[in-house]
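Biologist: Could you take me through one helix and its surroundings in some detail? I'd like the packing and whatever comes right after it in the chain.

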Amino acid sequence: MSDETSDRSDTSQRDRARKPGPRGKDTGPPRTGADEKATLLGFLDHLRNAIADKAAGVPEPQVRTGGVPSGTNLLGLVKHVTYVERFYFLGEQPDDWGRTMRPSPEETADSVLAGYRTAIEQANQVIEACPDLALPAPRSPRPGPAPSMRWVLVHMIEETGRHAGHADILREHIDGSTGR
């Protein structure tokens, strides 16, 4: 077989192996309340749901298999954003930020997703209880003044959106699923 024929055969095998998966509906931005807090929380919740939905229903071992050379995987992304939520809204410092991206063998997709949903629920209680977004967010163990709740909400939108984008790409590589 010539090199050209071999290249075409390899390409067609790859194409067959990468059949497009289900194309989900890509939802637009959320409709939110009229005030600043409701708007920020609405966008944050929209992104939280996007990242959780990308990891939900993915079988083992794909949910924890790295999709890029760094080893980033869907379950690790959800675990990481859980720690970030707990850090900024609940004032909890992880022992090792690097480990927050690596699920242990004992952690299941269901348990990590449940932990994320619990962290979101607790974070939302803290956000709702904040009467003024200019006030400091719960103080983390880090030195220095705590950032304002407004800054934390905007940062969490950025952080969660960034990782939701990573999750979109990883999920598409796993089964071709796209959309939010």
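Modeller: Here is a close look at helix α2, its partner and the loop that follows. This is a predicted model, so local features need pLDDT of at least 70 and side-chain atom pairs count only at pLDDT 80 or more, while totals for chains, interfaces and linings use all residues. Residues are numbered from 1 along each chain as its sequence is written, and side-chain values use heavy atoms, with hydrogens and water left out.

Helices here are DSSP runs of H or I, at least four residues, numbered from the N terminus. Helix α2 covers residues 36–55, and its axis comes within 11 Å of that of helix α4 (residues 109–129), crossing at roughly 175°. Axes are lines fitted to C-alpha atoms over the stretch in contact, with angles from 0 to 180 degrees between N-to-C directions. That makes α2 and α4 roughly antiparallel (over 145 degrees).

Who touches whom? On the α2 side you'll find K37, L41, D45, R48, I51, A52 and A55, and they meet L113, Y116, R117, I120, A123, N124, I127 and E128 of α4 (contact means heavy atoms within 4.5 Å). By class, this contact has 9 nonpolar, 1 polar and 5 charged residues; Ala, Val, Leu, Ile, Met, Phe, Trp, Tyr, Cys and Pro count as nonpolar, Asp, Glu, Lys and Arg as charged, and the others, Gly among them, as polar.

Just past α2 comes G57, with a positive phi near 80°. Then, in the loop between α2 and α3, there's P61, and the peptide bond from E60 to P61 is cis, omega near 0°. For background, most peptide bonds are trans.

Methods
Helices (H or I, at least four residues) and strands (E, at least two) are DSSP runs, numbered from the N terminus. Angles under 35 degrees count as roughly parallel, over 145 as roughly antiparallel, 65 to 115 as roughly perpendicular and the rest as oblique.
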